[in-house]
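Let's take a walk through a protein chain together, one stop at a time. Have the sequence and the 3D view ready, and pause at each stop to find the residues for yourself.

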Amino acid sequence: MSRKLAEKFFNNQTTPAESEVVLEWFETSEGKQVLQEWIEAGRELMDRKDLRNAIPELDSDKLYISIQEEIKKKRKRYTLRRIDWLSYVVKAAAAVLVILTAALFTISYEGYKVEQITVQEPVIFQTNEEQHREITLNDGTIVRLNKNSEIILSVDFNKEKREIRLEGEAYFDVAHSSDKPFIINTGNSSIEVLGTSFNVRSDSGKENVQIAVVEGRVSFSSLKGDKPEKSSVILSKGQFGYLDVKENSIVVDKVPINNYLAWKSGRFHFNELTLQQVCTQLYRLYNLNCSFENQEIRNLRLTANFSNESLKKTLSVIALSLGIEFKKNEERVTWFKERQ
């Protein structure tokens, strides 16, 4: 990918997918700056008929506003479809739970609720590959499950202790309780808090556990089978912890944590990060390794803010912002200079 793609966009030569990449790029500081430079230099951008008709007197601000409106319309259509589908699912789930009278907590989404009743068995909540789910536990804790994730609550949850098991990824806003620590087990780690907000990722088959702390403090400990050895750290607000299960070690990262919450916020935000730092986050998020043509490309700095829709789109926007190209092969991406 290169800035040539933006030129193709204004000549009506881009595919719908390519157009989306360009529109995202115009949300970044680099994209808006290039747009301004093109117009000030007298570049002919009038071939884009739909924009020309919408803007009789073309200037960068009006063009940018028009692009933003196009993005908003597309997102609104997507959001409405998603809400309609999720509302149907929640209504169906509510009906089943009322019949079985087996809910331990209140499930809410877009105003739909299932009232609390009692169970005598562990309760399992799951999501599929297309689903996010928000759950309010009976202690007031709010759990937002990412896709393909699961939490299991024990029968005695919130009686003498608050303990759950997680597989996958979830965001926790834990209700404070001084006499009942909230404990999350992932199989390879244990996380204990009294009341705070944080994100945990423990994917099945992956040899790592990741935690990003938004508010408060978290005790993060590794558990290496039945052996007594373990690593443990205290993570504070804004810190990210990465447990390498094989090495039984925890790394605390100082890079801002917002991108580890991108599945929840729907946005990626990079502020003056080197491409190497960006790639470290991509590896943790997508298990994607990076190669660089040279040291200069490795040290390029990225400032960008765009929606989190797919890995392919993320790579395309990064390449367009930095004026470089990439080639992806399975779980590796190679970054290199634009080819003329």
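We begin with empty space inside the protein: the count comes to 3 cavities of 30 Å³ or more. Keep in mind as you look that this is a predicted model. How can such spaces be found at all? Rolling a probe the size of a water molecule over the atoms shows where empty space is left. Let's visit the second largest cavity, which holds about 40 Å³ of space. Which residues line the second largest cavity? They are Glu169, Asn199, Arg201, Gln210, Ile211, Ala212, Phe240, Tyr260 and Leu285. Two strands, E10 and E11 (208-215), each supply at least two residues of this lining. Strand E11 gives the most, with 3 residues.

Two names from that lining, Phe240 and Tyr260, lead us to the next topic, aromatic rings. A pair of aromatic rings is described by the distance of the centres and the angle of the planes. In this model the count comes to 8 aromatic pairs. One of them is formed by Phe172 and Phe198, a stacked pair with 5.4 Å from centre to centre and 20° between the planes. Phe172 belongs to strand E7 (residues 162-173) and Phe198 to strand E10 (residues 197-202), so this pair ties together parts that are 26 residues apart in sequence. Are these two rings buried or exposed? Phe172 is buried, with a relative accessible area of 0%, and Phe198 is buried too, also with a value of 0%.

Now come back to Phe240 and Tyr260. Their ring centres are 3.9 Å apart and their planes meet at 10°, so this pair is stacked. It links distant parts of the chain: Phe240 is in strand E14 (residues 240-244), while Tyr260 is in the loop between strand E15 (249-253) and helix H6 (262-265), 20 residues apart. Phe240 counts as buried because its relative accessibility is 1%, and buried means under 20%. Tyr260 is buried as well, with a relative accessible area of 3%.

Rings can also join into groups. Here, ring pairs link Phe157, Phe172, Phe182 and Phe198 into a cluster. Other rings have a charged side chain over them. Lys264 lies over the face of Tyr171, at 4.3 Å from the ring centre, and Arg284 lies over the face of Tyr242, at 5.0 Å from the ring centre.

Our next stop is Val218, in strand E12 (residues 217-222). At 1% relative accessibility, Val218 counts as buried. Which residues does Val218 touch, not counting those up to four places away in sequence? The list is Ile191, Glu192, Val193, Thr196, Phe198, Ile211, Val213, Val233, Ile234 and Leu235. You have already met Phe198 in the stacked pair with Phe172, and Ile211 in the lining of the second largest cavity. Another neighbour is Val233, which is 15 residues from Val218 in sequence and 8.3 Å from it in space, C-alpha to C-alpha.

Lys312 makes a good contrast. It lies in helix H9 (residues 311-322) and counts as exposed, at 65% relative accessibility. Lys312 and Lys328 are 16 residues apart in sequence and 8.9 Å apart in space, C-alpha to C-alpha.

Two loop residues deserve a look for their backbone angles. Asn287 has a positive phi of about 55° although it is not a glycine. You will find Asn287 in the loop between helix H7 (275-286) and strand E17 (289-292), where it counts as partly exposed at 22% relative accessibility. Glu330, another residue other than glycine, has a positive phi near 55°. Glu330 sits in the loop between strand E19 (324-329) and strand E20 (332-337), and at 68% relative accessibility it counts as exposed.

Finally, step back and view the whole chain. Its secondary structure comes to 9 helices and 20 strands. How much of the chain is buried? Buried residues make up 47% of the 340 residues. Among contacts between residues at least 6 apart in sequence, 48% join residues at least 24 apart. The accessible surface comes to about 17700 Å², and 48% of that surface belongs to carbon and sulfur atoms.

Technical notes:
Residues are numbered from 1 along each chain as its sequence is written. This is a predicted model: local features need pLDDT of at least 70, side-chain atom pairs count only at pLDDT 80 or more; totals for chains, interfaces and linings use all residues. Side-chain values use heavy atoms; hydrogens and water are left out. Rings of Phe, Tyr and Trp (its six-membered ring) pair if their centres lie within 6.5 Å; planes under 30 degrees apart count as stacked, over 60 as edge-to-face and the rest as tilted. Helices (H or I, at least four residues) and strands (E, at least two) are DSSP runs, numbered from the N terminus. Buried means under 20% relative accessible area, exposed over 50%, partly exposed in between (1.4 Å probe, protein chains only). A charge sits over a ring if NZ of Lys or CZ of Arg is within 6 Å of the ring centre and within 35 degrees of the ring normal. Contact means heavy atoms within 4.5 Å. Accessible areas come from the Shrake-Rupley method with a 1.4 Å probe; for residues, only the protein chains shown count as cover. On a 1 Å grid over the protein atoms alone, a cavity is a set of points where a 1.4 Å probe fits but cannot get out, and a pocket is an open set with protein on both sides within 12 Å along at least five of seven lines; lining residues have an atom within 4 Å of a point. Grid points are joined across faces, edges and corners, and a volume is the space filled by probe spheres set on the points.
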